[in-house]
Amino acid sequence: MKPNDENGKLPVEERPFRVLIISGSNRRQYNCPGVDSKSRTLMLRMAERLPQDWEIDYEDLGNVYAREHIQSCNACASTSMALCVWPCNCYEPNSKAEPDLMWNLDLYSRLDLADAWAIIGPINWYAPSSNLKLMFDRLVCMSGGNPREDLIDHKDPEKAMQLEHSPEWEELSMNHLEGRTAGFFCYGDNGADELDSTGRPKHLKHKHYFDPEEEPFENERNAYAPLVWQSRYSGIEVPDRLWRYVEIGHGKKYSDNQAEDIEKEPNFYEKFDAWTDAFADFVRRKGKVPPNKYRAYGYKPPSHLWEDIKLGWRNVRMGLGIPPKDSSPAEQQAQGLNQDATLSFHKSEGKKLRD
């Protein structure tokens, strides 16, 4: 059945199972690729195959012309875990200055509402697609993120550092989506038709630099290992049997390895359907997942105009070489590190070098 977000207000035993399927390819027919992806085809196929008395939510992360993108993570946790707010407050819904697809698709809430996530995507250069990586980077806040931005005046790094060392922090920092299940299905072409008989790229002049025996993975599914292990680190259950890779299109030209060509690939659909069935069986047996204490569902970002004004004044003072006393920027300035006192915040280092 279609997802009904209002069911998130019901007791666990009264609401239906809910699954969120993510198509992680960058491709959409409404952008310069001009063709929809295989992961989109698989997403829709899975939605039809899962139990139809479940709520089946799905989203395609592919790039559409002029649509906003998932903004990158600013690595707030590396300054202080208490600066990394749950759900992420580096960006916000419907922002004109920094439009963010993660917020505008309401993905934090939809990930929260689901009992399980199904992640489907290609392997691009030994790794997940950039859009999938962006989404998971922005989910660092689900692992110990700060659910009380009022305690750090929205985004004050000095207050966040103080909070991280307080007894109160031990009660606030938790895995906010713990208990859910995630399954990962990835696919790749193992170089398509670009390799020679030795397993090296055909058009490579210095072939001794490329030893196929030293390529990163014996099992190609490990290209998605960073996403799997981030999930497990954050309390998301990823059973080993729900983490799979299937090869498709090896030895073919890329133009002959489109969604419409899947049916020509021996046993590919059968393998995908088997993964889907294993996913559904695990989710059903495990049961519905109760919501955690601090929910993304129903969350409304608070106003922070005054806090932004104060942070803007902090930026101006640092640009003038006057960082907050005893702060990390003050220590770095005293040690001659980073050399980042400037009022030209947006000017690149290369531009400054050349001016």
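The five strands of this predicted model that concern us here form an open sheet in the order 2-1-3-4-5, and their pairing is parallel. Strand 2, residues 55-60, and strand 5, residues 243-247, stand at the edges; each has a single partner strand, so one side of each is left without a neighbour in the sheet. On average, neighbouring strands of the sheet are turned by 15 degrees against each other, direction ignored. In general, the strands of a sheet pair through backbone hydrogen bonds, in either a parallel or an antiparallel manner.

The pairing of strand 1 with strand 2 can be followed in detail. Strand 1 spans residues 18-23 and runs parallel to strand 2, to which six bridges join it. Within this pair, Ser 23 stands opposite Asp 60 of strand 2.

Helices lie across these strands. Helix 1, residues 38-49, lies across strand 1, strand 2, strand 3 (116-122) and strand 4 (181-188). The direction of helix 1 is at about 175 degrees to that of strand 2. Helix 4, residues 130-137, lies across strand 1, strand 3 and strand 4, and runs at about 145 degrees to strand 3.

A further point of interest is Asp 273, which is located in helix 8, residues 268-286. Is this residue buried or exposed? Asp 273 counts as buried because its relative accessibility is 9%, and the cut-off for buried is under 20%. Beyond its neighbours within four places in sequence, Asp 273 is in contact with Arg 45 and Arg 49. Helix 1 covers residues 38-49, and the two arginines, Arg 45 and Arg 49, thus carry the numbers of that helix.

Conventions. Residues are numbered from 1 along each chain as its sequence is written. This is a predicted model: local features need pLDDT of at least 70, side-chain atom pairs count only at pLDDT 80 or more; totals for chains, interfaces and linings use all residues. Side-chain values use heavy atoms; hydrogens and water are left out. Two strands pair if DSSP finds at least two bridges between them. Helices (H or I, at least four residues) and strands (E, at least two) are DSSP runs, numbered from the N terminus. Axes are lines fitted to C-alpha atoms, for helices over the stretch in contact, and angles run from 0 to 180 degrees between N-to-C directions. Contact means heavy atoms within 4.5 Å. Buried means under 20% relative accessible area, exposed over 50%, partly exposed in between (1.4 Å probe, protein chains only).
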